Amino acid sequence: MSLHSIKVFSPATVANIVCGFDVLGFALSTPVDELTVSISNTKGVTIVNEDEFNLPTTAEKNVCGGALLAMLDEVKDVAGFHIISKKNIMPGSGIGSSAASAAGAVIAANTLLGNIFSKEDLVRFAMNGEKVASGVKHADNIAPAIYGGVTLIRSIHPLDIVCLDAPELHVTIVHPQIEIRTADARQILKQNVLLKDAIKQWGNIAGLVAGFLQKDYDLIGRSLEDVIIEPVRSMLIPGFDEVKQQCKEAGALGGGISGSGPSIFMLSKNKHAAQAIEKAMQSVYDKIGLAYHTHVTTINTEGVKIVMDDKR
Ligand code: HSE
C-alpha cells in the first residue's frame with residue numbers, strides 16, 4: 001500500500017431544494033464525513049469503517065467502493081484504493097450521507113492520481129455510489145458536494161451541471177429519528193403529473209434559480225413550494241406541516257423536505273433567525289415526543305475539502 005494518503009472532509013447536502021426534484025441541490029458547511037484514501041497494491045477497493053454505522057465493507061455493496069470501482073475501470077496503472085471512512089452524517093437522514101461518501105472518495109482518489117479527471121468525471125463516478133445506495137443514479141447531492149454551493153443538474157445524460165451564485169443563506173435542519181430509505185421514498189411517487197401542477201412547479205424552479213442569482217430573498221421564499229413531490233412524501237414525516245408553519249412564523253424564508261427525508265430544512269437570512277427556527281423545530285418534536293437532531297449551518301461554497309495530504 002502506498003504511504004501517500006489524502007484525507008478529506010466531505011459535506012452533507014440538501015437535494016431538491018423543495019421544487020427542484022433531482023435537479024437542484026446545495027452543500028452544507030456542517031456536518032462533514034471524514035475519509036482517508038490511499039493507493040493500494042491490492043486489486044479493487046478495500047474499506048475500513050471507523051464509526052458505529054456498520055456499513056458494508058464489500059466494495060460492490062459500499063457507496064465509496066461503487067464510486068471508486070467505476071473510477072478504477074478508467075485508470076491503467078493503479079491496482080486499487082484503500083479507504084478509511086468515519087461518517088458523521090447519519091445514513092438515511094436525507095442530507096446526502098451516501099453522496100458525501102462517494103464524493104469524498106472520488107476527490108481524494110483523483111488527488112492521489114494527480115487530478116487526471118475533471119469534476120464532471122468525478123460526478124459520473126460518484127453517481128455509481130448513489131446507485132449502490134438507492135438503486136438510482138441521481139446527481140443532486142453529488143454535484144453540490146463536489147462543486148460546492150448551489151448546483152443545477154440540467155441533465156444527467158449527458159451530464160450538464162451549472163453552478164449558481166447565491167446570496168448568504170443560513171440553513172436549519174431537523175432530523176426526526178425515523179429512517180426513510182430513498183428507494184422507498186422514490187417508489188411511492190406518482191409517475192404522472194397534471195399539466196397545471198407542472199406549470200406551477202417549473203414556475204417555482206425558474207423563480208428559485210432567478211432568486212438565487214438576483215440575491216432576492218423574497219423571490220427565493222416565494223419559490224420554495226413543491227406541488228408534486230412534497231404532498232406525497234410529507235405523509236411519511238410526523239409533524240411536517242406543523243414544523244413548516246412554526247418555522248415560517250420564526251422567520252424562515254421557506255423550506256421543506258431535505259432530499260428524500262426525513263430531515264426538514266429551512267433557509268433564513270441570518271444566524272439569529274436560523275437559531276429561532278431551530279427552537280421552533282425542537283418545540284414541535286418535543287411536543288410530539290419524537291427524538292431528533294438539529295443542525296444550524298450555512299451553505300458551503302467550497303464542497304469537499306482536502307484537509308491532509310500526507311506524502312511520507
Ligand atoms: N433527488 C433525490 C430524491 C435525492 O429526492 O429522491 C435523494 O437524496
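How do the residues of the shell around the ligand divide into nonpolar, polar and charged? The split is 2 nonpolar, 6 polar and 4 charged, with Ala, Val, Leu, Ile, Met, Phe, Trp, Tyr, Cys and Pro counted as nonpolar, Asp, Glu, Lys and Arg as charged, and the others, Gly among them, as polar. This is a predicted model, where local features need pLDDT of at least 70, side-chain atom pairs count only at pLDDT 80 or more, and totals for chains, interfaces and linings use all residues. Residues are numbered from 1 along each chain as its sequence is written, and side-chain values use heavy atoms, leaving out hydrogens and water.

Around the ligand sit Ala 15, Asn 16, Phe 21, Asp 22, His 138, Asp 140, Asn 141, Thr 182, Arg 186, Arg 233, Gly 259 and Ser 260 (a heavy atom within 4 Å counts as near). Domain 1 (3-165 + 300-311) and domain 2 (170-298) each supply at least three residues of this shell; the bounds come from an automatic or database domain assignment.

As for polar contacts (pairs of N or O atoms within 3.5 Å), a ligand nitrogen lies 2.5 Å from a side-chain N or O atom of Asp 22, and a ligand nitrogen lies 2.7 Å from one of Asp 140. On the oxygen side, a ligand oxygen is 2.7 Å from a side-chain N or O atom of Arg 186. The protein buries 96% of the 260 Å² that the ligand exposes when taken alone (Shrake-Rupley method, 1.4 Å probe).

Definitions and conventions: Polar contact = N/O pair within 3.5 Å; in protein donor to acceptor, adjacent residues only side chain to side chain.
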